Amino acid sequence: MKKNIVPLIAAIGGFSLIVYAIGSDGGTFAMFWSLSSVIITVIGSFAALLISYPFKYIKTIPSLLKQIFNEPSSQRLEIVEMFSELARKARREGLLSLEDDIAAIEDPFLKKGLQMVVDGMEPKTISEIMELEIDAIDETKSKGESIFRSWGELAPAFGMLGTLIGLIIMLADLQDMDSIGIGMATALITTFYGSLFANLFFIPFANNLKAQKEDELYTREMMVEGILAIQSGVNPRVVEERLSAYLTPEERLQKTERLRQPQVVMENE
């Protein structure tokens with residue numbers, strides 16, 4: 001699977017802009033650094049996250065981060081071509097002839113669906129089972145999105161909590177009026193950290209996972225359409241046209257270019 005460095009570059013770019021804004025307004029990075037504020041905001045919100053979710057979901061965070069920085073594999077164009085070939089073979093030699101092709105398929109979802117077709121199961125039964133599989137994928141993928149979205153909601157709340165702690169400590173001693181301004185700035189740092197982590201990291205991570213989930217579910221729906229079309233003995237050309245409706249404009253253009261390629265070779269010959 002290809003690495004996707006765009007989120008990393010965007011995060012570094014966003015953080016750099018904040019640092020630039022601080023420096024351009026006459027501030028220094030040291031003014032915005034507070035270890036205790038980081039602990040309250042990040043560790044405190046993570047502790048609340050541990051309370052909110054069973055640990056079996058929390059321990060998936062490293063794998064979720066890895067998923068964010070991996071390029072989603074969109075193979076819808078290849079899926080169209082594969083189903084087109086399978087439909088032709090099934091129409092020519094029968095559904096049982098697909099056994100060898102199914103054995104070579106790596107995707108468990110697609111493999112299971114086609115195997116049910118070969119086994120002669122009813123279309124309604126196949127559709128119901130496949131939809132249950134899709135619902136299970138949706139439920140599993142939604143957990144990761146929910147974890148980061150909850151973290152994005154908790155971080156600002158703990159930032160405000162840190163600010164309140166700082167204000168209470170500052171207001172407990174008003175003898176030194178010169179220190180009030182400094183104390184106020186220090187108290188607000190935790191709110192700054194809460195907003196920073198929530199809006200630059202946690203919520204964008206959740207949105208990324210949501211987009212990947214929706215893309216995968218869309219591809220799964222496409223597979224179900226192809227599986228049921230083969231089971232029903234639909235004309236291979238119709239199967240191809242049905243599945244092509246799931247392609248993006250860019251993917252349709254690639255499909256057209258691939259169809260033209262053999263013609264170009266023949267003309268050159």
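Two residues are in contact when heavy atoms of the two lie within 4.5 Å of each other. The exercises below apply this and related criteria to a predicted model.

**Exercise 1. Determine which residues Glu240 touches beyond its sequence neighbours, and whether Glu240 is buried or exposed.**

Solution.
Step 1. Locate the residue: Glu240 belongs to helix 10, which covers residues 236-244.
Step 2. Set aside residues up to four places away in sequence; Glu240 then touches Val80, Ser84, Arg88 and Lys255.
Step 3. Examine the polar groups: the side chains of Glu240 and Lys255 are joined by a polar contact of 3.0 Å.
Step 4. Apply the accessibility criterion. Glu240 has a relative accessibility of 8% and therefore counts as buried, since the limit for burial is under 20%.

**Exercise 2. Characterise Gln212 by its accessibility and its contacts.**

Solution.
Step 1. Gln212 is found in helix 9, a helix that comprises residues 178-231.
Step 2. The relative accessible area of Gln212 is 15%, so this residue is buried.
Step 3. Its side chain makes a polar contact of 2.7 Å with the side chain of Asn208.
Step 4. With neighbours within four places in sequence left aside, Gln212 is in contact with Gln67, Ile68, Asn70 and Pro72.

**Exercise 3. State how far Gln231 is from Leu196 in sequence and in space, and which residues Gln231 contacts.**

Solution.
Step 1. Gln231 is placed in helix 9.
Step 2. The sequence separation between Gln231 and Leu196 is 35 residues, and their C-alpha atoms are 52 Å apart.
Step 3. Outside the window of four places in sequence, the contacts of Gln231 are Val117, Met121, Pro123 and Ile126.
Step 4. Link this to helix 7: Val117 is among the buried residues of that helix.

**Exercise 4. Describe helix 7 from its start to the residue just after it.**

Solution.
Step 1. At the start of the helix, a side-chain oxygen of Asp107 comes to within 2.9 Å of the backbone nitrogen of Phe109.
Step 2. Within residues 108-118, the buried positions are Phe109, Leu110, Gly113, Leu114, Met116, Val117 and Val118.
Step 3. Just after the helix, Gly120 adopts a positive phi of about 80°.

**Exercise 5. Identify the residues of the nonpolar surface patch and the elements that supply them.**

Solution.
Step 1. The patch is formed by Phe15, Val19, Phe29, Trp33, Leu35, Ile39 and Ile43, which together have about 680 Å² of accessible area.
Step 2. Helix 1 (6-24) and helix 2 (35-52) are the elements that give two or more residues to this patch.
Step 3. Helix 2 provides the largest share, three residues.
Step 4. Take one member as a check: Leu35 lies in helix 2. Its relative accessibility is 52%, so Leu35 counts as exposed, the threshold being over 50%.

**Exercise 6. Assess the overall form of the chain by comparing its radius of gyration with that of a compact globule.**

Solution.
Step 1. The chain contains 11 helices and zero strands.
Step 2. A compact globule of 269 residues would have a radius of gyration near 18 Å, whereas the chain has 27 Å.
Step 3. The C-alpha trace spans about 90 × 50 × 25 Å along its principal axes.
Step 4. Of the 269 residues, 36% count as buried. The accessible surface amounts to about 15,900 Å², and carbon and sulfur atoms account for 62% of it.
Step 5. Among contacts with a separation of 6 or more, 77% come from residues 24 or more positions apart.

Technical notes
Residues are numbered from 1 along each chain as its sequence is written. This is a predicted model: local features need pLDDT of at least 70, side-chain atom pairs count only at pLDDT 80 or more; totals for chains, interfaces and linings use all residues. Side-chain values use heavy atoms; hydrogens and water are left out. Patches are made of residues with over 30% relative accessible area and no salt bridge: like charges are joined within 9 Å, nonpolar side chains (Val, Leu, Ile, Met, Phe, Trp, Tyr) within 5 Å. Accessible areas come from the Shrake-Rupley method with a 1.4 Å probe; for residues, only the protein chains shown count as cover. A salt bridge is a side-chain nitrogen of Lys or Arg within 4 Å of a carboxyl oxygen of Asp or Glu. Helices (H or I, at least four residues) and strands (E, at least two) are DSSP runs, numbered from the N terminus. Buried means under 20% relative accessible area, exposed over 50%, partly exposed in between (1.4 Å probe, protein chains only). A polar contact is a pair of N or O atoms within 3.5 Å; within protein, one must be able to donate a hydrogen and the other to accept it, and residues adjacent in sequence count only if both atoms are side-chain atoms. The radius of gyration is taken over C-alpha atoms; the globule rule is 2.2 Å times the number of residues to the power 0.38.
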